[in-house]
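Reader: Please take a close look at one part of this protein and explain it to me slowly, since I am still learning to read structures.

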Amino acid sequence: MELQIYLNGKLVPKSEAKISVFDHGLLYGDGVFEGIRSYDCLVFRLMEHIDRLFESAHTITLKVGMTKEELRDAVITTLKANRLRDAYIRLVVTRGPGDLGLDPNKCKAPTIFIIADKITLYPDALYKKGLDIVTVPTVRNLPEALNPSIKSLNYLNNILAKIEANNSGFSEALMLNASGYVAECTGENVFAVKCGELLTPPAYIGALEGITRHSIIELAEKLKVPFCEKPLTRHDLYNADEAFLTGTAAEVVPVVKLDGRVIGTGKPGPVTHKLTQAFHALTKTCGVKYKL
Ligand code: PXG
């Protein structure tokens, strides 16, 4: 059966899931989104994702036009319609169709769609070996211009960074802020471990407040791993004992090399391992359950 897409209140087959060329989400990247995962019929931290979506929408003065509970139910309906036990879910709200001008007041109703599909997992070898990444010239958006805490449809900043990494033969990019502090990767937050202490930059540096990031911080507290949120330089990462990235799609990925500098032993470290195990356990318990 063809994939069923939730579009403005209805489930429609993928081939019929179409939006207007006048949609400001497409014309201007004017909208917000979430990337969510379900694990064995449990949508991991669904309400946290919906809360973040509403916060992003509020900041850009976009009225979602549905309650959080309605949106939750729409996500579950979409998963059930496609009989998906494990899925990647893309929840998108755009400003909706308007005219060719910028004015958001011309957009009378938002476009809401939900795609739930099979998830493509990262190769196992990546988690065993760890990533080799590179710092790219494109700096993360200035919070004063377009705050990276808004999960907007405008991802060119991250895409440019990804292109630069790819052009240099790397699959992931480390992005700095305009002052040279570590911000995040193109779709993942960054962590370091130094002398047993877990470190990550604060969101004000210019990073998204990742749901996975938040989960890792909670787990560190529970496992009594000392934690500190503070600005980090590349020097801090080069000389860390361990480093890893967190994100919905990637979960927890060790980083073993940055800009040609080996991090720690050059192998995924024990703290990364412990937090990864704890994170996997969390994905079995923390979220909204559904039945197929
Ligand atoms: N930073 C950025 C810029 C992101 O886009 C994260 C951090 C991690 O946040 P979560 O809440 O997922 O822990 C993200 C989100 C994908 C994909 O398909 C991933 C994201 C965004 C868009 C697409 O890999 N990551």
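**One helix and its surroundings**

Author: With a relative accessibility of 60%, Leu 100 counts as exposed (over 50% relative accessible area, whereas buried is under 20% and partly exposed lies in between, with a 1.4 Å probe and protein chains only). Leu 100 sits in the loop that joins strand S5 (87–94) to strand S6 (111–117), where helices (H or I, at least four residues) and strands (E, at least two) are DSSP runs numbered from the N terminus. Together with Val 21, Phe 22, Leu 26 and Leu 27, Leu 100 makes a nonpolar surface patch of about 500 Å². Such patches take residues with over 30% relative accessible area and no salt bridge, joining nonpolar side chains (Val, Leu, Ile, Met, Phe, Trp, Tyr) within 5 Å and like charges within 9 Å.

This is a predicted model, in which local features need pLDDT of at least 70 and side-chain atom pairs count only at pLDDT 80 or more, while totals for chains, interfaces and linings use all residues. Residues are numbered from 1 along each chain as its sequence is written, and side-chain values use heavy atoms, with hydrogens and water left out.

The part to study closely is helix H3, which runs over residues 68–81. At 1.5 Å a residue (times one less than the number of residues), its 14 residues should span 20 Å, and this agrees with the end C-alpha atoms, which are 20 Å apart. The buried residues of H3 are Leu 71, Ala 74, Val 75, Ile 76, Thr 78 and Leu 79. An α-helix has 3.6 residues a turn, so residues three or four places apart point the same way. After H3 comes Arg 83, and its phi is positive, near 50°.

Other residues of this region carry charge pairs. Lys 68 forms a salt bridge with Asp 51 at 2.8 Å, N to O, the term meaning a side-chain nitrogen of Lys or Arg within 4 Å of a carboxyl oxygen of Asp or Glu. This pair links distant parts of the chain, since Lys 68 belongs to H3 and Asp 51 to helix H2 (residues 46–59), and the two are 17 residues apart. Lys 68 is partly exposed, at a relative accessible area of 28%, and Asp 51 is also partly exposed, at 32%. Arg 72 is joined to Asp 73 by a salt bridge whose closest N and O atoms are 3.1 Å apart. The relative accessible area of Arg 72 is 26%, and therefore Arg 72 is partly exposed, as is Asp 73 at 39%.

A pair elsewhere can be set beside these. Asp 124 and Lys 128 form a salt bridge, with 3.3 Å between the closest N and O atoms. Because they are 4 residues apart in helix H4 (residues 124–129), about one helical turn separates them. Asp 124 counts as exposed at 53%, and Lys 128 is exposed at 62%. In addition, Arg 45, Glu 48 and Glu 218 are linked in a network of salt bridges, and the count for the protein comes to 14 salt bridges.

To place H3 in the whole, the secondary structure comes to 8 helices and 16 strands. The C-alpha trace spans about 55 × 45 × 30 Å along its principal axes, and buried residues make up 50% of the 292 residues.

How values were computed:
Accessible areas come from the Shrake-Rupley method with a 1.4 Å probe; for residues, only the protein chains shown count as cover.
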